[in-house]
Amino acid sequence: MDLDFAGITLPFTAGDLLSAGVALMKVVGPIILLALAFVVAPKVIQLIRQALGGARKA
C-alpha cells in the first residue's frame with residue numbers, strides 16, 4: 001500500500017522556501033543576539049573583574 005504523490009504540486013519552490021527562511025532569520029536573528037548578549041555579558045564582565053581582582057591581590 002504505497003502513497004502516490006505524482007499528481008501533487010506544491011504552491012512554492014525550494015527557492016521560495018529558502019528566501020522565506022532567510023527573511024525570517026533577518027527578523028528573528030537580532031532579537032536572539034540581543035537576548036544572548038543579556039545572558040553572556042554579565043558573565044564576561046564578572047570574569048574580567050575576577051581576573052583583574054586576582055592580579056591586584058598578587
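## Val44 and its patch

At 41% relative accessibility, Val44 is partly exposed, a class that lies between buried (under 20% relative accessible area) and exposed (over 50%), using a 1.4 Å probe and protein chains only. Val44 sits in helix α1; helices here are DSSP runs of H or I with at least four residues, strands are runs of E with at least two, and both are numbered from the N terminus.

Val44 also helps to make a nonpolar surface patch of about 950 Å², together with residues including Leu24, Leu36 and Leu52. Patch members have over 30% relative accessible area and no salt bridge (a side-chain nitrogen of Lys or Arg within 4 Å of a carboxyl oxygen of Asp or Glu), and nonpolar side chains are joined within 5 Å, like charges within 9 Å.

## About the model

This is a predicted model, in which local features need pLDDT of at least 70 and side-chain atom pairs pLDDT 80 or more, while totals for chains, interfaces and linings use all residues. Residues are numbered from 1 along each chain as its sequence is written, and side-chain values use heavy atoms, without hydrogens and water.

## The chain as a whole

The protein chain has one helix and zero strands. Its radius of gyration, taken over C-alpha atoms, is 25 Å, well over the 10 Å that the globule rule (2.2 Å times the number of residues to the power 0.38) gives for 58 residues, so the chain is more spread out than a compact globule. The C-alpha trace spans about 75 × 30 × 15 Å along its principal axes, and buried residues make up 2% of the 58.

## Before the helix

Asp4 lies in the segment before α1 (14-57) and is exposed, at 65% relative accessible area.

Terms used:
Accessible areas come from the Shrake-Rupley method with a 1.4 Å probe; for residues, only the protein chains shown count as cover.
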